[in-house]
Amino acid sequence: MRSRVSRRKFLGAALAGTAALKLHAGAVPTLVAQPPEQGRLALLGGAPVRTEPFPSWPKIAENDEKAWSEVLHKGLWCRLDGSYAKRFEEAWAGRLGAKFCLATASGTTALFTSLHALGIGPGDEVLVPPYTFVATVNVVFLVHALPIFVDTDRETFQIDADKIEAAITPRTKCLLPVHLGGAPADMDKILAIARKRRLPVLEDACQAHLGEWRNRKLSTLGELGCFSFQASKNLNSGEGGAILTNDENLYRACESFHTNGRGDASYDFHYVRNGCNHRMTEFQAALLLAQMDRLEEQSRRREENARYLTQLLREIPGIAPARAYEGCTRNAYHLYMFRYDKGHFADLPRARFLEALKAEGIPCSGGYAPLNKEPFVKNTLDSRAYRAIYSPPEVAAYEARNHCPENDRLCEEAVWFFQTMLLGPRGDMDQIAAAIRKIHRQGGQLASS
Ligand SMILES: *Cc1c(COP(=O)(O)O)cnc(C)c1O
């Protein structure tokens with residue numbers, strides 16, 4: 001049923017293309033439908049390759065509504081009163097094969113809580129990739145430590161594990177790799193370095209729900225692993241997060257910190273540490289429980305579509321889909337990422353390529369800017385708190401180390417598609433590839449326009 005509907009949509013889009021061609025030719029109707037990449041570029045007034053929207057997000061089902069209204073009517077909206085957060089933690093830990101899971105208010109607070117549990121603080125250095133969402137780095141600054149940027153492996157978009165050892169100093173207290181886009185960082189190398197240098201690994205798996213490294217779920221390989229359930233993520237409760245660990249002491253420390261430093265999960269007025277309130281609500285937990293059923297099927301579809309799309313895009317000169325490391329047994333595909341080489345597109349700048357692709361009906365993004373060069377880094381180092389902790393020579397030494405040339409280059413070449421674009425029928429992938437081929441063939445007209 002689903003495939004019949006989508007085929008009709010696909011034909012509809014192809015016919016719309018033909019009709020527009022006719023309009024521009026100004027005369028005789030074309031009887032044979034042209035392959036969509038043959039027409040004029042949409043940016044130059046031609047018919048777009050695609051006119052249908054891609055699948056919407058989130059996907060809402062009946063059990064979401066049931067779960068939500070159950071919590072509503074029970075009137076137990078806080079996890080200290082209800083049971084949904086606990087149930088979600090058990091289910092998510094079980095799904096990932098971890099001993100402990102702590103639900104949190106967001107991915108950011110999951111990472112922040114984890115750094116507290118590891119005792120990271122002033123004077124410490126934490127190794128991070130520059131190619132990530134800002135939260136990975138913000139949390140390091142929030143505990144008054146220094147994020148040390150390790151350059152990116154441009155082929156995979158991940159932290160370059162071969163550059164980690166050179167960045168380690170006696171002050172290094174934690175490795176914080178990110179599984180960017182849902183594909184694993186090179187965990188064999190990262191875990192080997194961590195073992196050798198006796199450093200804990202905190203995995204930022206905020207984009208990597210159900211992703212795997214050698215058949216083990218991402219977030220369960222290091223001491224701690226964190227997820228986000230923010231609205232854009234592959235598992236979504238609007239906001240939300242989780243910490244996974246197999247270490248009971250770390251779990252206890254996280255749990256205590258996230259509920260105001262209490263000694264246990266109650267309303268008791270006794271506190272054993274400085275803490276915060278980063279608890280997940282029962283509403284969020286109920287929504288997550290309801291959606292977990294769908295996650296497996298959706299993940300499988302993303303992977304199938306992504307694999308097919310990669311085959312198609314590899315055939316186009318100047319398009320290099322992100323390579324996954326050999327140990328990747330499952331890619332969560334929160335993002336579909338590739339590098340764009342304008343040299344194969346008549347020197348069409350990436351910004352213009354993105355415009356052209358959007359005009360063809362294919363949403364896309366140029367992704368992150370170099371995070372290590374964003375003003376917040378310098379401004380934080382200039383803050384009163386940081387000046388109280390770090391001397392001017394220490395700050396100067398930090399700034400002298402802060403160079404990631406490979407990442408700078410990647411930020412100019414990257415193109416992203418979003419996970420929701422991988423949730424439709426395979427024909428959607430054909431259209432994405434057709435749009436890129438069309439620009440490849442005719443981009444020269446834009447370069448000169
Ligand atoms: C989304 C995300 C976060 C932060 O999660 P929030 O839930 O938005 O706080 C952290 N790291 C990465 C890589 C992310 O993509």
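Phe100, Leu102 and Thr104 point one way from strand E1, Cys101 and Ala103 point the other way, and all of them are buried. The model is a predicted one, and E1 is a handy place to start reading it. The strand spans residues 100–104, and because five of its five residues are buried, E1 is largely enclosed by the rest of the structure. Its partner is strand E11, residues 241–245; five bridges join the two, and they run antiparallel. Within this pairing, Ala103 of E1 sits opposite Ala242 of E11.

Then there's the ligand. A shell of 16 residues surrounds it, with Gly107, Thr108, Asp204, Ser228 and Lys233 as the closest. By residue type, the shell breaks down into nine polar, five nonpolar and two charged residues. Two helices, H4 (107–117) and H5 (135–142), each put at least two residues into that shell. H4 makes the largest contribution, with three residues.

Several polar atoms of the protein line up with oxygen atoms of the ligand. From Gly107, a backbone N or O atom comes to 2.8 Å from a ligand oxygen. Gln207 uses its side chain instead, placing a polar atom 2.8 Å from an oxygen of the ligand. For Lys233, an N or O atom in the side chain is 3.0 Å from a ligand oxygen. As for how much of the ligand is covered, on its own it would expose 380 Å², and the protein buries 93% of that.

Another piece of strand pairing turns up further along the chain. Here three strands make an open sheet in the order E9-E8-E13, with antiparallel pairing. Strands E9 (216–217) and E13 (328–330) are the edges, each pairing on one side only. Looking at E8 (residues 212–213) and E13, two bridges join these antiparallel strands. Trp213 has Cys328 of E13 as its bridge partner.

Two charged side chains are also worth a look, beginning with Arg154. This arginine lies in the loop between strand E4 (152–153) and strand E5 (158–159). Is Arg154 buried or exposed? Its relative accessible area is 13%, so Arg154 counts as buried, the cut-off being under 20%. Setting aside neighbours within four places in sequence, Arg154 is in contact with Arg339, Glu406, Arg409, Leu410 and Glu413. One of these, Glu413, also makes a polar contact with Arg154, side chain to side chain, at 2.9 Å. For a sense of scale, Arg154 and Ala434 are 280 residues apart in sequence, and their C-alpha atoms are 25 Å apart in space.

The other is Asp428, which lies in helix H15, residues 426–447. Its relative accessibility is 8%, so Asp428 counts as buried too. Which residues does Asp428 contact, leaving aside its neighbours within four places in sequence? They are Arg50, Phe54 and Pro55.

Notes: Residues are numbered from 1 along each chain as its sequence is written. This is a predicted model: local features need pLDDT of at least 70, side-chain atom pairs count only at pLDDT 80 or more; totals for chains, interfaces and linings use all residues. Side-chain values use heavy atoms; hydrogens and water are left out. A residue is near a molecule or strand if one of its heavy atoms lies within 4 Å of it. A polar contact is a pair of N or O atoms within 3.5 Å; within protein, one must be able to donate a hydrogen and the other to accept it, and residues adjacent in sequence count only if both atoms are side-chain atoms. Accessible areas come from the Shrake-Rupley method with a 1.4 Å probe; for residues, only the protein chains shown count as cover. Helices (H or I, at least four residues) and strands (E, at least two) are DSSP runs, numbered from the N terminus. Ala, Val, Leu, Ile, Met, Phe, Trp, Tyr, Cys and Pro count as nonpolar, Asp, Glu, Lys and Arg as charged, and the others, Gly among them, as polar. Buried means under 20% relative accessible area, exposed over 50%, partly exposed in between (1.4 Å probe, protein chains only). Contact means heavy atoms within 4.5 Å. Two strands pair if DSSP finds at least two bridges between them.
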